[in-house]
Amino acid sequence: MLVGKVVGSVVATRKNENLVGNKFMIIEPMESMADKKRIVAIDNVGAGIGEIVLVAEGSAARIGCGMVNCPIDAAIVGIVDDSIGLE
Amino acid sequence: MLVGKVVGSVVATRKNENLVGNKFMIIEPMESMADKKRIVAIDNVGAGIGEIVLVAEGSAARIGCGMVNCPIDAAIVGIVDDSIGLE
Amino acid sequence: MLVGKVVGSVVATRKNENLVGNKFMIIEPMESMADKKRIVAIDNVGAGIGEIVLVAEGSAARIGCGMVNCPIDAAIVGIVDDSIGLE
Amino acid sequence: MLVGKVVGSVVATRKNENLVGNKFMIIEPMESMADKKRIVAIDNVGAGIGEIVLVAEGSAARIGCGMVNCPIDAAIVGIVDDSIGLE
Amino acid sequence: MLVGKVVGSVVATRKNENLVGNKFMIIEPMESMADKKRIVAIDNVGAGIGEIVLVAEGSAARIGCGMVNCPIDAAIVGIVDDSIGLE
């Protein structure tokens, strides 16, 4: 998993029907974790812009969030409220 | 997922039989997301060249687009019509 | 798999219900393995901060640790006590 | 998926029994797609050295090529005969 | 898949029980394939230090080596004894 900040969101009116009802948030990984730039993740926990979140990627996002048949490869799965060694 | 621009397409007459009927689009990730260069994704939503799209990768592309037995590892799953924080 | 050092941890009070009870450790890959920066992994073996650990990523973390339905994409699966060629 | 050129091949007499009968080709991704260097892919379509091919990675290679139980993470799934925007 | 050289090994006395009995080898990818640094892979074919090997990653390692429920994301699946275009 990675930790990042919610910095925006994306709207797609025309999309795969299995995606309807999801929110697509843009995540900027923490600098200590940034081998990748921003990614788009669905929001599984009610995160808002500016919050620091935990993101799962790959089949874990799809299966772990009960969306087995959805074309989702990343999901916000927690809101970080404390940490050691994140910076 | 990542957001990118459709910049081209690829034609492969000789291909795996499970790929027949698909369109292979070339996607250039947005600069804020560009830790990878261009990728090829099948088109699940009717996207055209020049459009900004949402792309799912990995098993999510295959399973989420109802193509469980196809050798597909990336799919366009939405057309982006609005966003915050994409640049 | 990769080998890294446990350098911290993350607390997320609000999270996906399938994650409850897990510890989220921050791993810094050994320099010889560092094409990626720090990652977050659940702890499957009782590792502490400062220990050198073996980390599995992807579906291996989820399925290999008996957490098939959890949104987990990385897990500490061993504590390294000897090695050749790690540096 | 990615597009690349077949630049070589690998022979492994001693190998996992599920790999017997496969050809292992070395693929150099097109420069516009090159965030990764060369990879090894099995050949699912009869590609030869010098040809430009479409490669699927991950579980898509294994499942999409009918080799569910084989340790294969990349496969040539098409031979590219035309393209827009590849360079 | 990638081709690399076995350059070492890792011992983890305390580990996930599904990993017991495996050897963890450190692989350095060939320079032409080195977008990633060293990785750790289990040994499925009896490879020794110094040998040039073929490595499968992701679910292919786990499923293709008959270790479906093990937290393994990379496996040595062949020993390379000849090649064209590897350098």
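## Interface of chains D and E, and the setting of Asn16(C)

Chain D and chain E bury about 2300 Å² between them, and carbon and sulfur atoms give 53% of that area. On the side of chain D, the residues that lose the most area to chain E are Arg14(D), Arg38(D) and Asp73(D), which together make up 26% of what that side buries. The contact involves 32 residues of chain D and 31 residues of chain E. All of this is read from a predicted model. The predictor assigns the complex an ipTM of 0.95 and a pTM of 0.96. For chain A, the average pLDDT is 95, and 98% of the residues score at least 70.

Polar and charged pairings also occur across this interface. Between chain D and chain E, 17 residue pairs are in polar contact, with both residues at pLDDT 80 or more. One salt bridge is found across the interface of these two chains. Arg14(D) forms a salt bridge with Glu51(E), in which the closest N and O atoms lie 3.8 Å apart. Arg14(D) is also one of the residues of chain D that lose the most area to chain E.

Several elements of chain D each supply at least two residues of the side that touches chain E: strand 1 (2–11), strand 2 (14–15), strand 3 (24–29), strand 4 (39–43) and helix 1 (59–64). Strand 1 of chain D provides the largest share of that side, five residues. Sorted by class, the side of chain D that touches chain E comprises 17 nonpolar, seven polar and eight charged residues.

Chain E does not touch every other chain. The table lists two pairs without contact.

| Chain pair | Contact | Nearest C-alpha atoms |
|---|---|---|
| Chain A and chain E | do not touch | 11 Å apart |
| Chain B and chain E | do not touch | 11 Å apart |

A further site concerns chains C and A. Asn16(C) is placed in the loop between strand 2 (14–15) and strand 3 (24–29) of chain C. Is this loop residue buried or exposed? Asn16(C) counts as buried because its relative accessible area is 5%, below the cut-off of 20%. Leaving aside neighbours within four places in sequence, Asn16(C) is in contact with Asn44(A), Val45(A), Gly64(A), Cys65(A) and Val77(A) of chain A, and with Pro71(C) of chain C. With Gly64(A) there is a specific approach: the side chain of Asn16(C) reaches the backbone oxygen of Gly64(A) at 3.2 Å.

Note on methods:
Residues numbered from 1 in each chain as written. Chains lettered and ligands numbered in written order. Heavy atoms only, no water. pLDDT = per-residue confidence, 0-100. Helix = DSSP H or I, 4+ residues; strand = E, 2+ residues; numbered from the N terminus. Buried < 20%, exposed > 50% of the residue type's maximum accessible area, 1.4 Å probe, protein only. Polar contact = N/O pair within 3.5 Å; in protein donor to acceptor, adjacent residues only side chain to side chain. Contact = heavy atoms within 4.5 Å. Buried area = accessible area lost by both parts, 1.4 Å probe. Salt bridge = Lys/Arg side-chain N within 4 Å of Asp/Glu carboxyl O. Nonpolar A, V, L, I, M, F, W, Y, C, P; charged D, E, K, R; others polar.
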